[in-house]
Amino acid sequence: MDPVDTVAALRHAFDTGTTKPYAWRVAQLRALRAMLVEHTPEIEGALHRDLRKHRDEALLTEINLVVSEIDTVLRHLRQWLKPKRTSVPMLIAPATASVVREPLGVVLIIAPWNYPVQLLLDPLVGALAAGNAVVLKPSELAPATSATLTRLVLASLDTDAVAVVEGGADETTELLKQRFDHIFYTGSERVGQIVLKAAAEHLTPVTLELGGKSPVWVDETTDLHVAARRIAWGKFMNAGQTCVAPDYLLATEATAARLVPLIAAATRHFYGADPRQSDSYGRIVNDRQFERLAGLLPGGADGAGTAALGGSTDRADRYIAPTVLTGVRVDDPVMQQEIFGPVLPIVTVAGLDEAIAVIRAGAKPLALYAFTESDEARRRILTLTSSGAVAFNVPSAHLLVPGLPFGGVGPSGMGAYHGERSLLVFSHEKAVLSKPLHPDTLAIAYPPFTKAKDALVRRVLSKLR
Ligand code: NAD
């Protein structure tokens with residue numbers, strides 16, 4: 001079906017009310033959950049083919065995340081959908097006012113390749129819970145996952161209201177010409193701009209989940225052994241191709257010197273002496289990304305610093321070793337772009353003031369991490385920097401908390417989701433006011449504004465203030 005017909009069919013389903021009943025929403029969410037649970041091995045297999053993701057990592061960071069999100073939504077949806085009463089000012093009393101959450105209509109979800117299950121289906125949970133018809137656009141750069149999810153989604157969900165369009169830039173460009181009621185995009189800043197421009201044509205609201213350079217500050221008050229383990233875990237998971245991965249590290253020279261061998265030890269513990277042999281370590285998604293990342297290593301076209309750990313590559317296998325770079329300066333190429341791979345530069349600074357200055361000089365990050373036991377350092381980081389999220393002592397885990405908004409700020413994104421917020425992203429909060437006809441208390445506001453009325457209005461307003 002071409003995009004025009006696809007969207008027309010979904011709009012028909014939405015307009016005839018298919019997606020609005022609570023029972024339909026719950027049935028779709030349960031079907032999606034059952035699909036994920038029943039077909040876990042198949043989905044894990046596809047993720048392995050695309051990204052060499054270990055099945056445990058696939059389960060923990062992709063499949064289970066969506067299942068948990070569905071469980072959270074199913075537990076609370078009835079309550080979240082109840083109209084919320086709000087008080088009315090005396091001037092218009094008696095009246096009742098409430099906020100009603102209504103679905104937006106036909107929405108488009110565009111996903112990237114790095115977490116191709118989670119980032120396609122997590123927004124879908126919100127869209128279905130809110131009662132929308134949905135077009136899903138999986139990433140062509142994770143082709144096995146795209147094909148598997150397309151087949152499973154179409155076999156499991158109501159295809160009158162859920163469609164999948166596979167393909168890349170050309171297919172997405174065609175889709176973006178259609179009028180949607182919301183577009184939810186996860187991916188790069190560059191394409192985010194394309195999406196935003198296309199949405200402007202139809203005044204379609206958008207959510208943009210973008211990336212950027214998420215810094216990590218480590219100071220000497222922390223337990224460096226645990227910090228090193230958690231940083232290595234967050235950075236090298238999915239071979240560094242994680243939007244919330246620690247991008248670069250800021251520390252004093254003394255702290256960095258103690259941290260580097262500990263990160264090396266943690267990495268050896270996770271992936272063995274030769275991570276290439278480890279089935280727990282992933283691969284770079286495609287040749288283009290591989291070449292870009294290889295170029296950032298010492299000796300590469302954009303290389304900087306010294307490889308204190310790793311630095312080796314295998315082009316045929318798209319393998320890049322878990323790498324730590326020391327001696328990196330803020331104006332080196334590796335500090336001028338989102339790394340999105342297993343390369344961790346360490347920039348040494350005199351102290352927290354300089355670290356904050358480095359962070360503030362860059363674009364507002366998606367996440368900011370700090371390993372410190374100092375309350376004062378935490379307070380200063382929280383108040384002097386801006387980022388989508390701040391997490392102390394643990395990278396990436398904030399996205400597992402349904403009550404926390406997941407999203408960026410400024411160039412790292414626009415809007416946030418997860419939990420109840422996912423429902424809100426795909427809902428319109430409609431204001432509903434109802435006033436009885438009798439008694440007609442509005443009479444005070446009706447013209448003509450005679451002298452007597454003027455005096456009355458002023459007396460009443462002064463009493464109500
Ligand atoms: P991408 O922008 O290349 O692709 C994302 C989607 O856009 C794909 O579905 C693709 O088909 C589509 N697309 C690509 N070119 C297009 C074009 N010219 N016109 C219209 N659509 C087009 O992004 P990516 O490389 O897949 O993802 C990497 C980026 O995503 C990183 O910057 C990362 O930080 C970010 N990211 C953010 C989050 C988040 O939750 N904030 C999560 C994952 C990734």
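Trainee: What makes residues such as Ala-111 and Glu-140 count among those that surround the ligand?

Mentor: In this predicted model, a residue counts when one of its heavy atoms lies within 4 Å of the ligand. There are 28 residues around the ligand, and the closest are Ala-111, Glu-140, Tyr-185, Leu-210 and Glu-338.

Trainee: Why is the pair formed by Tyr-185 and the ligand called a polar contact?

Mentor: The cut-off is 3.5 Å between N or O atoms. An N or O atom in the side chain of Tyr-185 is 2.4 Å from an oxygen atom of the ligand, so the pair qualifies as a polar contact. The side chain of Glu-338 also has an N or O atom 2.5 Å from a ligand oxygen. For Trp-113, a polar side-chain atom lies 2.9 Å from an oxygen atom of the ligand.

Trainee: How much of the ligand does the protein bury?

Mentor: The ligand taken alone exposes 850 Å², and the protein buries 92% of that area.

Trainee: What makes one say that the ligand sits in the largest pocket?

Mentor: The test is that more than half of the ligand's atoms lie within 2 Å of the pocket's grid points. The ligand does sit in the largest pocket, which means that this test is met. Helix H7 (169–176), strand E6 (182–186) and helix H8 (189–201) are the elements that give two or more residues to the shell around the ligand.

Trainee: How do the residues of that shell divide by class, and which domains supply them?

Mentor: The shell has 15 nonpolar, 9 polar and 4 charged residues. Domain 1 (3–210 + 415–428) and domain 2 (215–407) each supply at least three residues.

Trainee: What makes the backbone at Asn-393 notable?

Mentor: Most residues other than glycine have a negative phi. Asn-393 is not a glycine, yet its phi is positive, about 70°. Asn-393 is found in the loop between strand E16 (389–392) and strand E17 (413–414).

Trainee: Where is Pro-94 placed, and is the peptide bond from Ala-93 to Pro-94 cis or trans?

Mentor: That bond is cis, with omega near -5°. Pro-94 is in the loop between strand E1 (84–86) and strand E2 (96–103).

Definitions and conventions:
Residues are numbered from 1 along each chain as its sequence is written. This is a predicted model: local features need pLDDT of at least 70, side-chain atom pairs count only at pLDDT 80 or more; totals for chains, interfaces and linings use all residues. Side-chain values use heavy atoms; hydrogens and water are left out. A polar contact is a pair of N or O atoms within 3.5 Å; within protein, one must be able to donate a hydrogen and the other to accept it, and residues adjacent in sequence count only if both atoms are side-chain atoms. Accessible areas come from the Shrake-Rupley method with a 1.4 Å probe; for residues, only the protein chains shown count as cover. On a 1 Å grid over the protein atoms alone, a cavity is a set of points where a 1.4 Å probe fits but cannot get out, and a pocket is an open set with protein on both sides within 12 Å along at least five of seven lines; lining residues have an atom within 4 Å of a point. Helices (H or I, at least four residues) and strands (E, at least two) are DSSP runs, numbered from the N terminus. Ala, Val, Leu, Ile, Met, Phe, Trp, Tyr, Cys and Pro count as nonpolar, Asp, Glu, Lys and Arg as charged, and the others, Gly among them, as polar. Domain bounds come from an automatic or database domain assignment.
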